[in-house]
Amino acid sequence: MAPLRSSFLAIVALLCIVCFTEARSIPRSNFQLESRNNNKSSSLSKYQVPLSNGTASLPSPTAGLTLKAITLGRGTQNYTCKANSTAAPTAIGAKADLLDASAILPFLPPAASLAILNLITEYLVSFDLPVIETSAIPILGHHYFDAAGVPTFDLGATGLLKAKKLANIAAPATACKGANGKGDGAVDWLALTDAPGSVGLKEVYRVETAGGKAPASCGGGPADRHIEVQYSAQYWFFG
């Protein structure tokens with residue numbers, strides 16, 4: 001991508017975030033209604049989920065499935081340090097709000113919409129969660145791990161996905177390492193398929209990740225402590 005074009009897209013991405021996060025005077029319920037109406041008139045079928053990190057690829061969505069939602073996840077990847085405080089942290093789950101990207105796409109130049117969306121995802125990790133949660137970007141659902149440790153995506157009327165891992169690849173070497181470009185790296189890209197208890201959704205892809213990776217070791221700190229690492233990512237849902 002040429003430097004001038006890259007700079008222009010970056011400016012557009014930042015303007016989008018600033019406009020939506022500062023538009024607190026717009027009732028979220030009104031914006032969500034507008035978003036749902038836009039979804040009916042403009043199909044997501046023209047968008048293709050990113051599958052390649054440049055050297056490896058995730059498997060394609062199962063034939064016959066339809067793209068149901070594109071969301072921007074913003075939250076934390078969670079880890080714990082056990083008795084051996086110099087060991088690597090152990091992953092124990094994640095928690096994130098899932099922002100409805102279809103509310104943003106109509107405002108982006110069609111030829112560059114995904115490129116700008118990727119930059120928005122990268123910049124989101126540097127915005128505080130309370131700012132995101134009170135913005136005009138509608139929250140379509142939530143991601144968390146249930147009591148049994150199953151990755152869960154609750155998208156309300158769109159569906160519920162209880163997930164299990166199908167495949168993973170490393171994030172690109174150029175991926176944002178964390179908030180303000182600082183951190184231990186971006187978590188893997190994932191392809192997840194449905195597990196028992198799912199309703200209306202069959203697969204989800206976590207791509208374009210920023211941040212979320214745990215430090216290499218617990219650093220000699222206290223045992224039995226939890227570590228929350230800020231992250232953002234795109235989640236593409238199929239059903």
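## A strand pair to start from

Thr80 has its bridge partner in β2, and that partner is Thr90. The pairing belongs to a predicted model, so please read the distances and angles here as computed from that prediction. Strands β1 and β2 run antiparallel and are joined by 10 bridges. As background, strands of a sheet pair through backbone hydrogen bonds, either parallel or antiparallel.

On the other side of the story is β8. Strand β1, residues 67-81, runs antiparallel to strand β8, residues 225-238, and 14 bridges join the two. If you would like specific positions to look up, Thr76 has Gln230 as its bridge partner in β8, and Ala69 stands opposite Phe237 in that strand.

## The overall build

The protein chain holds four helices and eight strands. Reading from the N terminus, the elements follow the order α-α-β-β-α-α-β-β-β-β-β-β. The eight strands make a closed barrel that runs β1-β2-β3-β4-β5-β6-β7-β8, with antiparallel pairing. Neighbouring strands of this sheet are turned against each other by 30 degrees on average, direction ignored.

How much of the contact network links residues that are 24 or more positions apart? Among contacts in the protein chain with a separation of 6 or more, such residues account for 74%. As for burial, 46% of the 239 residues in the protein chain count as buried.

## Strand β1 and its surroundings

β1 is mostly covered, since 14 of its 15 residues are buried. Gly73 is found in this strand. With a relative accessibility of 0%, Gly73 counts as buried, because the cut-off for that label is under 20%.

Which residues does Gly73 touch, leaving aside its neighbours within four places in sequence? Gly73 is in contact with Asp97, Leu98, Tyr231, Ser232, Ala233 and Tyr235. Ala233 is a nice one to find on screen: Gly73 and Ala233 are 160 residues apart in sequence, while their C-alpha atoms are 5.1 Å apart in space.

A helix also meets this region. Helix α3, residues 113-124, lies across β1, β2 (90-100), β7 (203-211) and β8, and runs at about 165 degrees to β8.

## The disulfide

Cysteine chemistry is often a good place to look next. The count of disulfides in the model comes to one. Cys81 and Cys218 form this bond, with their sulfur atoms 2.0 Å apart. Cys81 lies in strand β1 and Cys218 in the loop between β7 and β8, so the pair ties together parts that are 137 residues apart in sequence.

Is the disulfide left-handed or right-handed? The torsion about the S-S bond of Cys81 and Cys218 is about -100 degrees, so the disulfide is left-handed. Both partners are covered: Cys81 is buried with a relative accessible area of 0%, and Cys218 is buried with a relative accessible area of 4%. Another cysteine, Cys176, also counts as buried, at 12% relative accessibility.

## The loop after β2

Ser102 lies in the loop between β2 and α3. Its relative accessible area is 8%, so Ser102 is buried. The side chain of Ser102 is joined to that of Asp100 by a polar contact of 2.6 Å.

## From β4 to β6

Strand β4, residues 151-154, and strand β5, residues 160-169, run antiparallel, with three bridges joining them. Within this pair, Thr152 stands opposite Lys162 in β5. The hairpin of β4 and β5 has five residues between the strands, and Gly156 there takes a positive phi near 60 degrees.

β5 also pairs with strand β6, residues 189-194, in the antiparallel sense over six bridges. Here Lys164 finds its bridge partner in β6, namely Thr193.

## How far to trust the model

The protein chain averages a pLDDT of 83, and 79% of the residues score at least 70. Which stretches call for care? Over residues 1-5 the pLDDT is below 50, and beyond near neighbours in sequence this stretch has five contacts in the model. Residues 22-42 also have a pLDDT below 50, and beyond near neighbours in sequence this stretch has 25 contacts in the model. Where pLDDT is low, the predicted coordinates should not be read in detail.

Conventions:
Residues numbered from 1 in each chain as written. Predicted model: local features only at pLDDT ≥ 70, side-chain atom pairs only at ≥ 80, totals over all residues. Heavy atoms only, no water. Pairing = 2+ DSSP bridges. Axes fitted to C-alpha atoms, helices over the stretch in contact; angles between N-to-C directions. Contact = heavy atoms within 4.5 Å. pLDDT = per-residue confidence, 0-100. Disulfide = S-S within 2.5 Å. Buried < 20%, exposed > 50% of the residue type's maximum accessible area, 1.4 Å probe, protein only. Polar contact = N/O pair within 3.5 Å; in protein donor to acceptor, adjacent residues only side chain to side chain.
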